[in-house]
Amino acid sequence: MHEMSLAMSVIDIVENAARAGNFRRVSTVWLEIGQLSAVEPEAMRFCFAAAARGTLADGAALQIIEINGRGLCFNCGETVPLAALYDPCPTCGGYPVQATGGTEMRVKELEVE
Amino acid sequence: MCTTCGCGVGDTRVDGKALPNAGSPSAESSSAEGSSDGDPPGSSQASPKGVGNNPAASYRALAADSRARPAAQGFAHSHRHGETHTHAGGAPAEKAGTSTGHARLVQIEEDILAANNAFAAANRRHFAEHGIFALNLVSSPGSGKTTLLCRTIEALRATLPIAVIEGDQQTSRDAERIRASGVRAVQINTGKGCHLDAHMVGHACDDLQPDEDSLLLIENVGNLVCPAAFDLGEAHKVVILSVTEGDDKPLKYPAMFNAASLMLLNKVDLLPYVDFNVELAVDYARRVNPALQVVTLSATSGEGFAAWLDWLQTACRQQQAGKRATIAALQQRISELEAQLAQHARG
């Protein structure tokens with residue numbers, strides 16, 4: 001996907017927070033990335049390192065908290081774990097299963113100096 | 001240089017003019033602070049005052065720069081830039097008791113796409129206020145989007161004002177094709193990018209100035225992956241799948257079929273020559289998105305085209321009716337307030 005532009009958005013969010021929160025260095029960035037968000041964590045790490053170069057997050061560690069996919073099965077009415085958007089319900093084998101969690105892409109927390 | 005699709009940002013152009021694209025945070029803040037140079041001091045609407053509170057608050061790919069921006073007429077772009085910065089307002093909450101020496105933890109809890117979504121919300125509000133029905137057309141390259149647009153324009157332009165935003169990595173060939181069909185079009189070249197975003201579309205609308213109660217067709221970059229995540233402020237995403245592609249594409253690229261409201265299954269005139277199972281493709285698409293509407297058609301032969309035109313015209317009428325209802329409600333409120341005021345004046 002478009003991890004480079006997402007990584008640059010993360011840096012912008014960090015820079016805004018630095019201005020508001022008055023800090024100059026960021027040592028760790030925690031991201032929440034849902035399993036169904038179509039963001040590849042490895043690509044995100046690569047792009048984050050590139051986007052952070054020369055900013056206050058240069059060299060910062062990136063911690064990715066992966067959020068498992070969840071969905072509501074229209075067939076059996078249960079909330080079930082969901083590994084991919086098009087998967088059938090693991091409980092009853094039916095579909096569709098509407099994703100209810102795991103689509104997040106958020107900057108959760110920063111460790112700053 | 002994303003490892004998945006090779007996309008980056010930069011080199012974005014709207015009708016050949018460079019979109020502002022701040023390379024460094026200092027460049028961003030100086031451009032934002034210096035923006036009052038070009039604006040008359042009194043014009044609070046045109047000058048991005050919101051930016052002043054938080055000079056470099058713009059999403060880099062969507063960087064705000066009033067100097068490169070054409071004068072906003074009706075499509076108050078600067079206004080929208082101001083709004084996007086409100087989400088960053090206020091100091092981030094710090095966790096109590098987590099300070100260890102100089103290091104501390106700061107909670108952010110901000111969606112990575114928040115900046116794009118704020119631009120998209122502003123675009124959507126503008127479209128609603130002006131009765132403009134906007135569609136974001138997405139597909140892989142070569143599915144026949146531009147041919148479909150040309151035929152749609154030909155069929156509707158006598159009865160409906162239409163404007164087109166064309167997105168491609170390079171060249172203005174598509175915009176030229178659309179202009180040849182007799183409607184206004186603006187070309188966005190995304191350069192290194194692989195998708196349109198809401199900020200580019202806002203700038204394109206500044207240039208294009210779509211008519212009241214018009215149809216705005218936004219042809220996204222041919223790409224079945226990235227455009228799914230970027231809201232442009234459209235009423236619906238319409239995904240176009242052609243029968244010369246595989247019928248299992250909805251399963252292979254589920255995010256896009258999940259994000260769309262309507263699927264146009266194009267090039268059905270070629271069905272006798274290709275191995276494509278229409279029922280299976282529709283079934284796969286509905287596994288990913290149960291609410292997906294489907295129209296099968298051919299932009300070349302015109303087969304099935306009436307259903308698509310019907311869908312478009314109905315949706316445009318609904319958008320226009322929504323605008324009229326809002327205006328009527330506002331007018332009623334004004335007359336109620338005037339009556340109240342008159343009563344007070346008498347009393």
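Me: What makes E3(A), M4(A), L6(A), A7(A), M8(A), V10(A) and I11(A) in helix 1 of chain A contact residues of helix 2 of chain A?

Reply: In this predicted model, they meet A43(A), M44(A), C47(A), F48(A), A51(A) and A52(A) of helix 2 of chain A. Contact here means C-beta atoms, placed from the backbone, within 7 Å, so these residues count as touching.

Me: How do the residues of that contact between helix 1 and helix 2 of chain A divide by class?

Reply: You get 12 nonpolar, no polar and one charged. Glu counts as charged, so E3(A) is the charged one.

Me: Why is helix 1 of chain A called oblique to helix 2 of chain A?

Reply: Helix 1 (residues 3–21) and helix 2 (residues 41–52) of chain A pack at about 50°, with axes 8 Å apart. Roughly parallel needs an angle under 35 degrees, and roughly perpendicular starts at 65. The angle fits neither, so the pair is oblique. As for handedness, the crossing is right-handed.

Me: And why is helix 5 of chain B called roughly parallel to helix 6 of chain B?

Reply: Check the angle again: helix 5 (residues 145–156) and helix 6 (residues 173–180) of chain B cross at roughly 20°, and their axes come within 9 Å. The cut-off is under 35 degrees, so roughly parallel is the label. This crossing is right-handed too.

Me: Which residues meet there, between helix 5 and helix 6 of chain B, and what are their classes?

Reply: T146(B), L149(B) and C150(B) in helix 5 meet D174(B), R177(B) and I178(B) in helix 6. By class, that's three nonpolar, one polar and two charged. Asp and Arg count as charged, so D174(B) and R177(B) are the charged pair.

Methods:
Residues are numbered from 1 along each chain as its sequence is written. Chains are lettered from A and ligands numbered from 1 in the order in which they are written. This is a predicted model: local features need pLDDT of at least 70, side-chain atom pairs count only at pLDDT 80 or more; totals for chains, interfaces and linings use all residues. Axes are lines fitted to C-alpha atoms, for helices over the stretch in contact, and angles run from 0 to 180 degrees between N-to-C directions. Helices (H or I, at least four residues) and strands (E, at least two) are DSSP runs, numbered from the N terminus. Angles under 35 degrees count as roughly parallel, over 145 as roughly antiparallel, 65 to 115 as roughly perpendicular and the rest as oblique. A crossing is left-handed if the near helix is turned anticlockwise from the far one by less than a right angle, and right-handed if clockwise. Two residues are in contact if their C-beta atoms, placed from the backbone, lie within 7 Å.
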